[in-house]
Amino acid sequence: MNARTLFRPVAAALLAAGCLAAHAGPVDALSWTVANTDGGNGVATIAPDRLTLVSADFTGSPDQAFVPTLLTATVALAAGTTISFDWAYTTADDGGSNNDVFGWLLDGQFQALSAGDSFDPQSGRFSLVLDHDAVFGLAMNSVDGWGGSATAVVTDFAAVPEPATLPLAAAALGGLLLAGKRRRG
């Protein structure tokens, strides 16, 4: 058995086990869970190259208005994963960015990315290394559900596992290749 014949099934097994897995491709390849709290009507759209969140807005339904809601898109990730993405935020809310806040979640705890007191578009780059297995998420917090919605677009999303797992996986692969070589020789 040559090294190439041995490498393919071993590499496939390591990828399946997650030892070499890294997510730097399509956003929709991850298993996102989307939810709205308190009857919110926010919308999350997950496409291969972007994740879009549009906050709740009940302007045409006064009986639903002024109820805070939270739109979330979450995914479980392993400790040591480096998360990074670009984001762009715009608001059409008559109260500006104070009323529809875009941010991120870690195990359910919300942290704002968009700044308050603004009607201007906002954008930035985000990066975080997880120090434990966690549920990471993106969220749109609509504090009033009235007067228009805001939109956040996330692009270039990457979730890359801890680099320390790659040398371990390479060592395992090297050992298997050496074992195959000994069998032949």
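This passage walks through the fold of the protein, from its overall layout to its two sheets and its core.

The structure described here is a predicted model. In this model the protein has two helices and 10 strands. Read from the N terminus, the elements follow the order α-β-β-β-β-β-β-β-β-β-β-α, with a helix at the start of that order and another at its end. The chain holds 185 residues, and 38% of them count as buried. The accessible surface of the protein is about 9,600 Å², and carbon and sulfur atoms account for 58% of this area. Among the contacts with a separation of 6 or more, 77% are between residues 24 or more positions apart.

The strands can be followed one sheet at a time. As a general reminder, strands of a sheet pair through backbone hydrogen bonds, in either a parallel or an antiparallel way. One open sheet is built from five strands in the order β1-β4-β9-β6-β7, with antiparallel pairing. Its edge strands are β1 and β7, the latter spanning residues 109–112, and each of the two pairs on one side only. From one strand to the next, this sheet twists by 25° on average. A good place to look at the pairing itself is the contact of β1 with β4: these strands are antiparallel and share four bridges. Here Asn-36 stands opposite Leu-71, a residue of β4.

Another open sheet also has five strands, this time in the order β2-β3-β10-β5-β8, and its pairing is antiparallel. Strands β2 and β8 are at the edges with a single partner strand each, so one side of each has no neighbour in the sheet. The average twist in this sheet is 20° from one strand to the next.

It helps to cross this sheet strand by strand, starting at β2. Strand β2, residues 43–47, runs antiparallel to β3 and is joined to it by five bridges. The two strands form a hairpin, with two residues between them. One of the bridge pairs is that of Ala-47 with Arg-50, the latter in β3. On the way to the next strand, five bridges connect β3 with β10, again in the antiparallel sense. Thr-52 has Val-153 of β10 as its bridge partner. At the far end of the strand order, β5 and β8 are paired antiparallel over eight bridges. Ala-88 is matched there with Ser-123 in β8.

Strand β5 also carries Trp-87. Is this residue buried or exposed? Trp-87 has a relative accessibility of 7%, and since buried means under 20%, it counts as buried. Leaving out residues up to four places away in sequence, Trp-87 touches several residues, including Phe-102, Leu-113, Gln-122, Arg-125, Phe-126, Val-153 and Val-154. Phe-102 is 15 residues from Trp-87 along the chain, and the C-alpha atoms of the two are separated by 9.6 Å.

Attention now turns to the nonpolar interior. The largest nonpolar core comprises 28 residues, and Trp-32, Phe-85, Phe-102, Phe-136, Leu-138 and Phe-157 have the most contacts inside it. At least two core residues come from each of β3 (50–54), β4 (69–77), β5 (82–91), β6 (100–106), β8 (122–129), β9 (134–142) and β10 (150–160). Strand β10 gives the largest share, five residues.

Trp-32 is a helpful residue to follow. Apart from its neighbours within four places in sequence, Trp-32 is in contact with Val-27, Ile-46, Leu-51, Ala-73, Thr-74, Val-75, Leu-138 and Phe-157. Across the whole structure, nine aromatic pairs are found. In one of them, the ring centres of Trp-32 and Phe-157 are 5.4 Å apart and the planes meet at 70°, so this pair is edge-to-face. Trp-32 sits in the loop between α1 (3–17) and β1 (33–36), while Phe-157 belongs to β10, so the pair ties together parts of the chain 125 residues apart in sequence. Trp-32 and Phe-157 are both buried. They also belong to one aromatic cluster, together with Phe-85, Trp-104, Phe-126 and Phe-136.

Notes: Residues are numbered from 1 along each chain as its sequence is written. This is a predicted model: local features need pLDDT of at least 70, side-chain atom pairs count only at pLDDT 80 or more; totals for chains, interfaces and linings use all residues. Side-chain values use heavy atoms; hydrogens and water are left out. Buried means under 20% relative accessible area, exposed over 50%, partly exposed in between (1.4 Å probe, protein chains only). Contact means heavy atoms within 4.5 Å. Accessible areas come from the Shrake-Rupley method with a 1.4 Å probe; for residues, only the protein chains shown count as cover. A nonpolar core is a set of buried Ala, Val, Leu, Ile, Met, Phe, Trp, Tyr and Cys residues joined through side-chain atoms within 4.5 Å. Rings of Phe, Tyr and Trp (its six-membered ring) pair if their centres lie within 6.5 Å; planes under 30 degrees apart count as stacked, over 60 as edge-to-face and the rest as tilted. Two strands pair if DSSP finds at least two bridges between them. Axes are lines fitted to C-alpha atoms, for helices over the stretch in contact, and angles run from 0 to 180 degrees between N-to-C directions.
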